[in-house]
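Visitor: I should like to learn how to read the features of a protein model.
Guide: Let us look at the structure together.

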Amino acid sequence: MSATVRLTMAQALVRYLSVLRTDDGQPLFGGAFAIFGHGNVAGLGEALYQYRDSFPTYRAHNEQAMAHSAIAYAKAHMRRRMMAVTSSIGPGATNLLTAAALAHVNRLPVLLLPGDVFVSRAPDPVLQQLEDASDGSVSVNDAFKPLSRYFDRIIYPEQLLTALPRAIAALTDPAACGPVTLSLPQDVQTMAYDYPADFFEPRVVRFRAVPPVESELEEAALLLKNAKQPLIVAGGGVLYGKASAALQAFAERHGIPVAETQAGKSALPWNHPLQLGAIGVTGSPAANSLAADADVVLAIGTRLQDFTTGSNSLFAQAQLLSLNVNAFDALKRRGLGLQADATLGLQGLSRLLGSWNSAGLWLDRAQQAGHAWRATVAAITGQREVAGLPYDGEVIGAVQRSSRHSATRDIVVCAAGTLPAELHKLWRTETPGGYHMEYGYSCMGYEIAGGLGVKMAKPDAEVIVMVGDGSYLMMNSEIATSVMLDKKLIIVVLDNRGYGCINRLQQACGNASFNNMLPDSAPVIDFALHAQSLGALSEHVDSIAALEQAMLRARAASRTYLICIKTDDTRTTEEGGCWWEVAVPEVSTQASVQAARIRYELDRQGQQK
């Protein structure tokens, strides 16, 4: 008879997670973020305490924020390491829903462990329980089902024997990667079972690299060989597949210029001769002009969302070849799909292409356009004297000038507002992962919490969170967590007194400025003083030159340091960009909206149908 060990369900769960290892011997899980309540404190809380030496627990201040930190931790590790997150039942659980959606959209792993109501129903209803008169089995945790790649409710302790391996398989699957939710009824957490002892033996989790099918490779290679003006669009899958070296080798051997999505930025060094910069709505003129004339677009590891494709108008004329580990993404826009790991797919294509190269007028044009764009970026970010309030591009320049090692050591973190557009165009990095943008969900409030997760994953990096005042006010509590955990961040708050990005969009669609900017009667918020109250060092600066000096002080500081600067809400980088579909009212009494509708209908004619 095989040996057994008697554990509660919660103890078995934590013990199982604690023994998992990656190929290089590191723990698969960096630990757990936890906010305890009556749904998890007695069961899972006791288990986390028991295994605290091998599976550390981190206390946070907001459930959504701690899940954002866990997701950022996984993204910074290119999905090779991850974290668990546990909450109580009720509002603690539902606070995780936004983060679950963010992880699902971005294909990032996080293990969500929300507490749930009693399976026994002996105390019914319990505090915070949602009651459904037509379905007695429903709890708020059912809301996680459409937001999870794998969902299970553990109603018997022995169910962990099948649920946990399935959960890990989903978390580490290159195609199905995303959030996993194990709903944990509080009474079942405390129930004991005689588990097989070998269930808890240390084991290595393998990350599979999906090889291409030879017939698909041949068809894809033939399409590229016939191309006269090919373009590569590098997405997040290049980074998650650790394919940056393969991308560079492929582009150089076959002379194909490269543009990067938000998730793919930093896949190729910013100063590489074949680097065209950002593509799409927030793209560079170099990338977008070539995309408009390309005859074949090789999209690698990208979801092809509307900001990348200009709402399906930017390279509508091109034949699309999608190299993606996920068949769902590989088959978008009726393109030719090549389902494979990015590295293996590029190597296989290169083998079949042989000495084929696109050298000629197209390659010359690409290199000239890339060089010209890099000169423009240098001019924009090199501004030190600014009349009036500075704008985001000038702030970005000051941040990068403050470090001699910014190309290799700095990691910028951002998520929403005007900054994603400016950073996509202007941030310069030579290191894969040096640009950490959550733009699949563009979730306001991710920035500071995400920065904490990045710092936990990359403690030797200088993690710089750039955030607008709107996002800062939505979620800033993890400043206190960063101080408590001794995880230093540099936070640069750009204060334009409201939601400047949406305000400009509102007016571009013909409407008046309404409900986006703070009125004159609104209080002037002292962000520096607020950050001090949370334990950070901080200061307010009034110029680009002062910001550059403040950044030097922040870099030398030993704990989280916030710098606030007022910025112009009307100015943006004029160069680059392309059309983005935002529906304009078909009927309106406003002449400006009527005119915007006419422009909208004309612009839609360029979409691929």
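The dialogue below takes up a charged residue, a helix residue and the cysteines.

Guide: This is a predicted model, in which local features need pLDDT of at least 70, side-chain atom pairs count only at pLDDT 80 or more, and totals for chains, interfaces and linings use all residues. Residues are numbered from 1 along each chain as its sequence is written, and side-chain values use heavy atoms, leaving out hydrogens and water.

Visitor: Which side chain of opposite charge is nearest to Glu478, and how far away is it?
Guide: A salt bridge requires a side-chain nitrogen of Lys or Arg within 4 Å of a carboxyl oxygen of Asp or Glu. Glu478 is buried (under 20% relative accessible area; exposed is over 50%, partly exposed in between, with a 1.4 Å probe and protein chains only). It has no salt bridge, as the nearest side chain of opposite charge, Arg59, is 7.1 Å away.

Visitor: Which backbone nitrogens does the side chain of Glu478 reach?
Guide: The side chain of Glu478 lies 3.4 Å from the backbone nitrogen of His61, and a polar atom of that side chain is 3.4 Å from the backbone nitrogen of Asn62.

Visitor: Is Ile544 buried or exposed?
Guide: Ile544 is buried, with a relative accessible area of 3%. This residue lies in helix H23 (residues 544-556). Its C-alpha is 9.3 Å from that of Val399, although the two are 145 residues apart in sequence.

Visitor: How many disulfides are there?
Guide: A disulfide is a pair of cysteine sulfur atoms within 2.5 Å, and the count is zero. The sulfur of Cys501 is 11 Å from the closest cysteine sulfur, in Cys414, which is too far for a bond.

Definitions and conventions:
Lys and Arg count as positive and Asp and Glu as negative; His and the chain ends are not counted. A polar contact is a pair of N or O atoms within 3.5 Å; within protein, one must be able to donate a hydrogen and the other to accept it, and residues adjacent in sequence count only if both atoms are side-chain atoms. Helices (H or I, at least four residues) and strands (E, at least two) are DSSP runs, numbered from the N terminus.
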